[in-house]
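Me: Please work through the following structure in questions and answers, beginning with the terms and conventions.

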Amino acid sequence: MLLRPLSLLIALMCVPFVGAGCGIPDEDRPDTEVDAGSDGGDLPDDGGDSPGEGEDEEDDPHAEADIDWDFGAPISVPLETWTYVPIEGARCANGTDTGVAVNFTDRSDDLVVFMAPGGACWDSLTCFILRSASHLEDTMQGQVVVDEAIALGPLFSRSPESPFRDVNMVYVPYCTGDVHAGTRMASYRFGDEDRAVHHVGGTNIRRLLERLVPTFPEAERVWFAGASAGGFGATYNWWVAQDAFPDARVDVLDDGAAPVDFLAARFSAMMDTWDPESPPGCSACRLQLSALLPYYAARYPPPHRFALLTSTRDEVIVGFSGLTSATFENGVGLLRDAAGPGQKTFYVPGTAHVLLAQNPMLVSPEGVSTYEWLWQFVTDDPQWDHQGD
């Protein structure tokens, strides 16, 4: 089947996500020590707030991001072949340097950036006992990253079936345990030693954008895409990507990462540990995930598009969020109710995780396949709409 290689990659990288949410007592989370400056330098103030601060302030979805970009040299690689590119300042959780795999073309100046899945962790229990985040202790460089990019299969290839066949492709590996959003280093006590974990996925995305923008200064369309942890990363970093590419239109494809409200104590622990930067003018986004879509609906109205694919009781995200299946299903319904005109959802009943990886390909009750729906999303088809209950 068309998407089987992607299915294999998801199977290998998303299993730990189940463990991240099953029976973890939030009170077991140890204190962390923070040294943000040791992980690529201090990030600029974007107007976000720390937990518990700014709730009484009036949010402004049009607030300026005020990011101090430091754009580097363009990336030069052979065309239409997957190539590893180190990104200066990008690091894995173990402190080693990392980079991305790219497949560039001369057919277009547009590009798609795909963020890999792989669980998450936020304390010594989840990071080193349950090991609920992929590659947390690995070095992700060279052929390992290229092989993962190739495993995505036809969806991110030059195959005629792919809606991205004529655009430039970037694959972002996942080795920071923070859904590609963190900006800090934590120190966890494990046994008789303190272990440093660089939760700097958000910092890595900024360093990557500082290379991509000079490489594609004429880009008109950019897609931030991801599955599972990468889906959360694509959604959370939408404003960052759009700020980096002010003259392009940035859209988001989120597969298997419904931004429902997590168990409050767990979400607070994640935010405290990872310290992601909230979108400017959205203090609520630091407190609850469900605030993201209404915020983005106001900040990026049509023609911008946001695509969410999920099952109504995704067993992986149910566990990760700390919710019951019924509460998650209700949250998914609320997401659709609050969706803006450029935000559409593809829902299927059941517990499947990452719909584009399912084999055989899923079809909505309305008769639209996940792949057909993705084509509609990418090509600005006016028939693109919500699918499923």
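Reply: A residue is called buried when its relative accessible area is under 20%, exposed when that area is over 50%, and partly exposed in between, with a 1.4 Å probe and protein chains only. The model is predicted, so local features need pLDDT of at least 70 and side-chain atom pairs count only at pLDDT 80 or more, whereas totals for chains, interfaces and linings use all residues. Residues are numbered from 1 along each chain as its sequence is written, and side-chain values use heavy atoms, leaving out hydrogens and water.

Me: Are cysteine 121 and cysteine 127 buried or exposed?

Reply: These cysteines form a disulfide (a pair of cysteine sulfur atoms within 2.5 Å), with their sulfur atoms 2.1 Å apart. The angle about the S-S bond is 85 degrees, giving a right-handed link between cysteine 121 and cysteine 127. As to accessibility, cysteine 121 and cysteine 127 are both buried.

Me: How many residues apart are cysteine 92 and cysteine 175?

Reply: Cysteine 92 and cysteine 175 are joined by a disulfide with an S to S distance of 2.1 Å, and both are buried. The link of cysteine 92 and cysteine 175 is left-handed, with -80 degrees about the S-S bond. Cysteine 92 lies in the loop between strand S1 (83–91) and S2, and cysteine 175 in the loop between strand S4 (168–172) and strand S5 (184–190); strands here are DSSP runs (E, at least two residues), as are helices (H or I, at least four), numbered from the N terminus. This pair therefore links distant parts of the chain, with a separation of 83 residues.

Me: Which pattern do the disulfides of the protein chain follow?

Reply: The structure holds three disulfides, one of which joins cysteine 282 and cysteine 285 with sulfur atoms 2.0 Å apart. That link of cysteine 282 and cysteine 285 is right-handed, at 80 degrees about the S-S bond. Cysteine 282 is buried at 5% relative accessible area, and cysteine 285 is buried at 0%. Counting bonded cysteines along the chain, the pattern is 1-4, 2-3, 5-6.

Me: Which strands form the edges of the open sheet?

Reply: The open sheet has eight strands with mixed pairing, in the order S1-S2-S4-S3-S7-S8-S9-S10; two strands count as paired if DSSP finds at least two bridges between them. An edge strand pairs on one side only, which leaves S1 and strand S10 (343–348).

Me: Which residue in S4 is the bridge partner of phenylalanine 114?

Reply: S3 and S4 run parallel and share five bridges, whereas S2 and S4 are antiparallel with three. In the S2 pairing, alanine 101 stands opposite tyrosine 171. For phenylalanine 114, the bridge partner in S4 is tyrosine 171.

Me: Which residues of S4 point the other way from Asn168, Val170 and Val172?

Reply: Five of the five residues of S4 are buried, and the strand is mostly covered. Asn168, Val170 and Val172 point one way, and the residues pointing the other way are Met169 and Tyr171.

Me: Why is the pair of phenylalanine 104 and phenylalanine 216 said to tie together distant parts of the sequence, and how many residues apart are they?

Reply: Ring centres of Phe, Tyr or Trp (its six-membered ring) within 6.5 Å make an aromatic pair, stacked if the planes are under 30 degrees apart, edge-to-face if over 60 and tilted otherwise; the whole structure has 21 such pairs. The ring centres of phenylalanine 104 and phenylalanine 216 are 4.9 Å apart and the planes stand at 85 degrees, so this pair is edge-to-face. Phenylalanine 104 is in the loop between strand S2 (97–103) and strand S3 (111–115) and phenylalanine 216 in the loop between helix H4 (201–215) and strand S7 (221–227), so the parts they tie together are separated in sequence by 112 residues.

Me: What are the relative accessibilities of phenylalanine 104 and phenylalanine 216?

Reply: Each of these phenylalanines falls in the buried class: phenylalanine 104 and phenylalanine 216. For phenylalanine 104 the value is 4%, and for phenylalanine 216 it is 5%.

Me: How many of the 15 residues of H4 are buried?

Reply: The end C-alpha atoms of H4 are 21 Å apart, in agreement with the expected span of 21 Å (1.5 Å times one less than the number of residues). H4 is largely enclosed by the rest of the structure, because its buried residues number 13 of the 15.
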